[in-house]
Amino acid sequence: MNRNSLNFSGGPGALPESVLQQVQQAVLEVPEVGLSILGISHRSDWFAAVIAELERNMRTLLALPDDYHVLLLQGGATQQFSMVPMLLLHGATQPAEYLHTGYWSGKAVRAAQQHGPVRVLWSGESAQWRRLPRDEELAFSPTAPYLHYVSNETVEGLQFHRVLGLDEVPRVCDMSSDFLSAPCAAERFALIYAHAQKNIGPAGVTVVLVRDALLDRAPEGLPDFLDYRTHAAAHSNFNTPPVFAIYVVLLVTRWLLHEVGGLARMAEINQRKAQTLYDLIDTHPGVYRGRAAVADRSRMNVVFELPDAQATQRFLAQAQAAGFSGLAGHRALGGIRASLYNGLTLEAVQRLAQFMEDFARRG
């Protein structure tokens, strides 16, 4: 296997081999156009068809109801941290409820606090961000403007395996690192956002699914570029969009539909990948320590620790020499992180598990 196939980076993540081959061709020439993807106009009929097909594919994969807009925006999840409260928190008398479960949700909390009242419903700080809240620890308010949480914390390796909140309160979820990795009951959320560079494409495009009724709450006076209604009216083509990144996301949705066989099948593959590593970690508790509570372990980001810094550096050096890439933990936490996004194959994970087995035996 080449090194590109052994890329366990936390993001941008690995893309499927068949998609990379199509991208290679498209950089030179998109067959049906005769031009490089890097030089095709965003105002062309061809690109309008790309956006239309991508929207259809998203709706099919997620069984998304008709009363949702599918938007392709820029600015990553970071821009959404502010766009969400600009839409839903303006003039609110009751606080929006946020879960602070790790590094990225902390950024979302701080951004929202600049726009209105925010209540941190639960924080994982006292648990050192090693677990997620249990149901009995959450007292949701039926009058909150919205509930916000991050479905998968990439830094800490924590993932919710259930939908949270009250049906009468709009749910907003940052699904950046597990979007399209499994079915997600999208119809239970008022707004979902996900930057592409984990499971669905390269950096540069952010997918937003927003219920039509939510846009009716938008305050007047928002800057055009920061108003979801602007992008909905322009069919995600208000200004020059990232044509290349959007095209790659289209290719990934085709891959999910026609090669993988849908999100239920993708979830089975991802579960098997994650279990392969967690079983290995649990088999060698004297060498590897999983960071997250077992019930909250992420299927996307397997985060673990070795006994000391010296062992960690030895592991990373030997892994790099063996051809593995992207295994160093996030700079905020350290340790080891193996990210198992959609494009990473089960074979690659099995190769890593064998490396970890050999490392543990060598001591």
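**View 1. Helix α1 passes helix α7 in a right-handed crossing.** This predicted model brings the axes of α1 (residues 17-28) and α7 (residues 243-260) within 10 Å, at a crossing angle of roughly 145°. On the α1 side, the contact is formed by Ser-18, Val-19, Gln-22, Val-23, Ala-26 and Val-27. Helix α7 meets these residues with Phe-244, Tyr-247, Val-248, Leu-251, Val-252, Trp-255 and Glu-259. Of the residues in the contact of α1 with α7, ten are nonpolar, two are polar and one is charged.

**View 2. Seven strands form an open sheet with mixed pairing.** The strand order is β1-β9-β8-β7-β4-β2-β3. The edges are occupied by β1 (68-73) and β3 (118-123), each of which pairs on one side only. From one strand to the next, the twist averages 15°.

**View 3. Strands β2 and β3 run parallel.** Strand β2 (residues 96-100) is joined to β3 by five bridges. Among the residues involved, Leu-99 has Trp-122 of β3 as its bridge partner. Strand β3 is also an edge strand of the sheet.

**View 4. Helix α2 packs on the sheet.** Helix α2 (residues 45-62) touches β1 and β9 (206-211). The direction of α2 makes about 125° with that of β1. The two strands touched by α2 are neighbours in the strand order, which begins β1-β9, and β1 is an edge strand.

Methods:
Residues are numbered from 1 along each chain as its sequence is written. This is a predicted model: local features need pLDDT of at least 70, side-chain atom pairs count only at pLDDT 80 or more; totals for chains, interfaces and linings use all residues. Side-chain values use heavy atoms; hydrogens and water are left out. Axes are lines fitted to C-alpha atoms, for helices over the stretch in contact, and angles run from 0 to 180 degrees between N-to-C directions. Helices (H or I, at least four residues) and strands (E, at least two) are DSSP runs, numbered from the N terminus. A crossing is left-handed if the near helix is turned anticlockwise from the far one by less than a right angle, and right-handed if clockwise. Contact means heavy atoms within 4.5 Å. Ala, Val, Leu, Ile, Met, Phe, Trp, Tyr, Cys and Pro count as nonpolar, Asp, Glu, Lys and Arg as charged, and the others, Gly among them, as polar. Two strands pair if DSSP finds at least two bridges between them.
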